[in-house]
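The exercises below ask for a careful reading of a single protein chain. Each task is followed by a solution that proceeds step by step.

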Amino acid sequence: VQLRESGGDSVQSGGSLELSCTASGVTFGVSTMGWYRQYPGKQRELVARIHSGGSTTYANAAKGRFTISMDSAKNTVNLQMNNLKPDDTAVYFCNLVGDGKYYGVGFWGQGTQVTVSS
C-alpha cells in the first residue's frame, strides 16, 4: 500500500490550501482515511478523519476551517483548509486504516509540508 500526498505549500495567513491523498495497492476494505500533522519534536496529532460511511471527526483546531472528504471508490481523501493560521504550519500526513482482514492496520504517507506565514 502506498499513500501519495500532494498540495502542501507556503501561504499567507488567511489563505487556503487543499491537500490530496491517493492510496494505491489497496486490496482490502478501508475503515477510515484521515489527515494528521506533526510539529517539530512533537507527536503526530489528528487533524481530521472520515469513515467510509461518511462520518467525520475533526480536531478542535480544525473545526469550522477545514473540511475532509473521501472518494471511497478511488481511495482518495482531500482536506480543504481555509483561513489558515501560522499555527497550522506543520508536516501533514495522510493515514488509511484497513477493515475486514486488515482491521485496525494503519498506513501512512510520507508527509507534505504546509507553511503559513503571518
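**Exercise 1. Decide whether D88 and R37 are buried or exposed, and trace the salt bridges in which they take part.**

Step 1. Both D88 and R37 are buried, where buried means under 20% relative accessible area, exposed means over 50%, and partly exposed lies in between (1.4 Å probe, protein chains only). The model is a predicted one, in which local features need pLDDT of at least 70 and side-chain atom pairs count only at pLDDT 80 or more, whereas totals for chains, interfaces and linings use all residues. Residues are numbered from 1 along each chain as its sequence is written, and side-chain values use heavy atoms, with hydrogens and water left out.

Step 2. The side chains of D88 and R37 form a salt bridge at 2.9 Å, N to O, the term standing for a side-chain nitrogen of Lys or Arg within 4 Å of a carboxyl oxygen of Asp or Glu. Because D88 lies in the loop between β8 (76-81) and β9 (90-98) while R37 belongs to strand β4 (residues 30-38), this pair ties together parts that are 51 residues apart in sequence. Strands here are DSSP runs (E, at least two residues), as helices are (H or I, at least four), and they are numbered from the N terminus.

Step 3. D88 also meets R65 in a salt bridge, at 2.7 Å from N to O. This second pair links distant parts of the chain, with D88 in the loop between β8 and β9 and R65 in the loop between β6 (56-58) and β7 (66-71), 23 residues apart. D88 has a relative accessible area of 2%, so it is buried, and R65, with 10%, is therefore buried as well.

Step 4. Salt bridges that share partners join R37, E45, R65 and D88 into one network. The link to E45 is a salt bridge with R37, at 3.2 Å from N to O. R37 has 6% relative accessibility and so counts as buried, whereas E45, at 32%, counts as partly exposed. A search of the whole structure finds three salt bridges.

**Exercise 2. Describe where Q38 sits and what it touches.**

Step 1. Q38 is placed in strand β4, and its relative accessible area of 24% makes it partly exposed.

Step 2. Leaving aside residues up to four places away in sequence, Q38 touches Q43, R44, A90, V91 and F93, a contact being heavy atoms within 4.5 Å.

Step 3. Between Q38 and D88 the C-alpha to C-alpha distance is 9.8 Å, although they are 50 residues apart in sequence.

**Exercise 3. Examine the positive phi values of N75 and N83, and the surroundings of these residues.**

Step 1. N75 has a phi near 50°, a positive value in a residue other than glycine. N75 is located in the loop between β7 and β8, and at 15% relative accessibility it counts as buried.

Step 2. Not counting residues up to four places away in sequence, the residues that N75 touches are C21, T22, A23, V26, V30 and M33.

Step 3. For N83, too, phi is near 50°, again a positive value in a residue other than glycine. N83 is found in the loop between β8 and β9, and with a relative accessible area of 42% it is partly exposed.

**Exercise 4. Set out the strand content, dimensions and contacts of the protein chain as a whole.**

Step 1. The protein chain has eleven strands and zero helices.

Step 2. For 118 residues a compact globule would have a radius of gyration near 13 Å, and the 14 Å of the protein chain agrees with this; the radius is taken over C-alpha atoms, and the globule rule is 2.2 Å times the number of residues to the power 0.38. Along its principal axes, the C-alpha trace spans about 45 × 25 × 20 Å.

Step 3. Of the 118 residues, 38% are buried. Among contacts with a separation of 6 or more, 55% come from residues 24 or more positions apart.

Step 4. As a distance check, D71, which is placed in strand β7, and K101 have C-alpha atoms separated by 21 Å, at 30 residues apart along the chain. D71 counts as partly exposed, at 29% relative accessibility.
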